Amino acid sequence: IDDGTIENMDVKAGMDVCMLSRKYYPSCGGKAVYVLPLLVTGVGRSGTHFTAYSLHAKGFEVVHEGSGIDGSVSWTYAVHVPSNKYVWEPTRVKLGARRFLFVAHIVRHPLRVISSLTTFEKSSWRFIAEHTPQVPNLDLIEPVERRALIHWVTWNRMIESYADKRYILTDETPSEICLDAGLLERKCHRSIPKEQVRTAHRETKQLTWDDIFLLDADYAYMARDMTIKYGLNLDEIKEVRAPSANREKLLSIFE
């Protein structure tokens, strides 16, 4: 299990960080680029609401799915959109051409996230498909549970390529991110009564590992491997199918 710190971007398989993401890098436009302190991102339904409200309650101007003085908490800002048109972005707090100095990658157990992703709206899936070119017509893949599984793997793998550090979502995660991003320390340590923190609760069917492997064994194996790598609890995984010959081909997409 690694410690969540991402390796130097210079060794990231020749990827153009500036074209892929909103992460600030010296080659991303130089002094003309306005840089915000922090972006917290991940797959949708990984705790962005909780993190945004926690940081806001500590006194920081961060915006959920929008741009604030101290930064943003947004799954959509994981990708660079040349047109600067992001789904769900509030009109008054648009990101524009801004970039982020520190990118925090938050992760949550895939079984919980995939179950919740089944309630995503069509506009979100269209946005995801547009920015997941390695899986053509992702937004049309059925059932939606398989689509969500593929998205969990591909979106997290993409963020891994440029994020500064990865975090497992806990009650302490917002404070850890805050300190690592170099925000005002006394605010970072500010305790927050739980009743002041909003979280999003949705009624969905909880999927099991058996369900995931039956949907798509190749991507299920990748999700399992990533779960271990991230230091998440596998729970009780049951490998109901052997990996196919396509697994190596799928893995090579991200190398």
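I'll start with one helix pair. Leu149, Ile150, Trp152, Val153, Thr154, Asn156, Arg157 and Glu160 in H5 meet a set from H9, namely Tyr219, Ala220, Met222, Ala223, Met226, Thr227, Lys229 and Tyr230. Bear in mind that this is a predicted model.

By residue class, the contact of H5 with H9 splits into ten nonpolar, three polar and three charged.

Now the geometry. How do H5 and H9 cross? Their axes come within 9 Å, at a crossing angle of roughly 45 degrees. Angles under 35 degrees would count as roughly parallel, and 65 to 115 as roughly perpendicular. H5 and H9 are therefore oblique to each other. As for handedness, H5 passes H9 in a left-handed crossing.

Next, the core. The largest nonpolar core has 52 residues, and Phe127, Trp152, Trp155 and Ile212 are those with the most contacts inside it. Which elements each supply at least two residues of this core? There are two strands on the list, E1 (35–41) and E4 (99–107), together with helices H3 (110–117), H4 (122–130), H5 (144–160), H8 (209–215) and H9 (217–230). H5 gives the largest share of this core, nine residues.

On the background, nonpolar side chains in soluble globular proteins tend to be buried together.

Let me take Ile212 from that core. Setting aside neighbours within four places in sequence, what is Ile212 in contact with? The partners are Leu111, Ile114, Leu149, Leu207 and Ala220. Of these, Leu149 in H5 and Ala220 in H9 also appear in the helix pair I began with.

Apart from the largest core lies another one, of 16 residues, including Leu38, Ile177, Cys178 and Leu183.

That's where I'll stop.

How values were computed. Residues are numbered from 1 along each chain as its sequence is written. This is a predicted model: local features need pLDDT of at least 70, side-chain atom pairs count only at pLDDT 80 or more; totals for chains, interfaces and linings use all residues. Side-chain values use heavy atoms; hydrogens and water are left out. A nonpolar core is a set of buried Ala, Val, Leu, Ile, Met, Phe, Trp, Tyr and Cys residues joined through side-chain atoms within 4.5 Å. Buried means under 20% relative accessible area, exposed over 50%, partly exposed in between (1.4 Å probe, protein chains only). Helices (H or I, at least four residues) and strands (E, at least two) are DSSP runs, numbered from the N terminus. Contact means heavy atoms within 4.5 Å. Axes are lines fitted to C-alpha atoms, for helices over the stretch in contact, and angles run from 0 to 180 degrees between N-to-C directions. Angles under 35 degrees count as roughly parallel, over 145 as roughly antiparallel, 65 to 115 as roughly perpendicular and the rest as oblique. A crossing is left-handed if the near helix is turned anticlockwise from the far one by less than a right angle, and right-handed if clockwise. Ala, Val, Leu, Ile, Met, Phe, Trp, Tyr, Cys and Pro count as nonpolar, Asp, Glu, Lys and Arg as charged, and the others, Gly among them, as polar.
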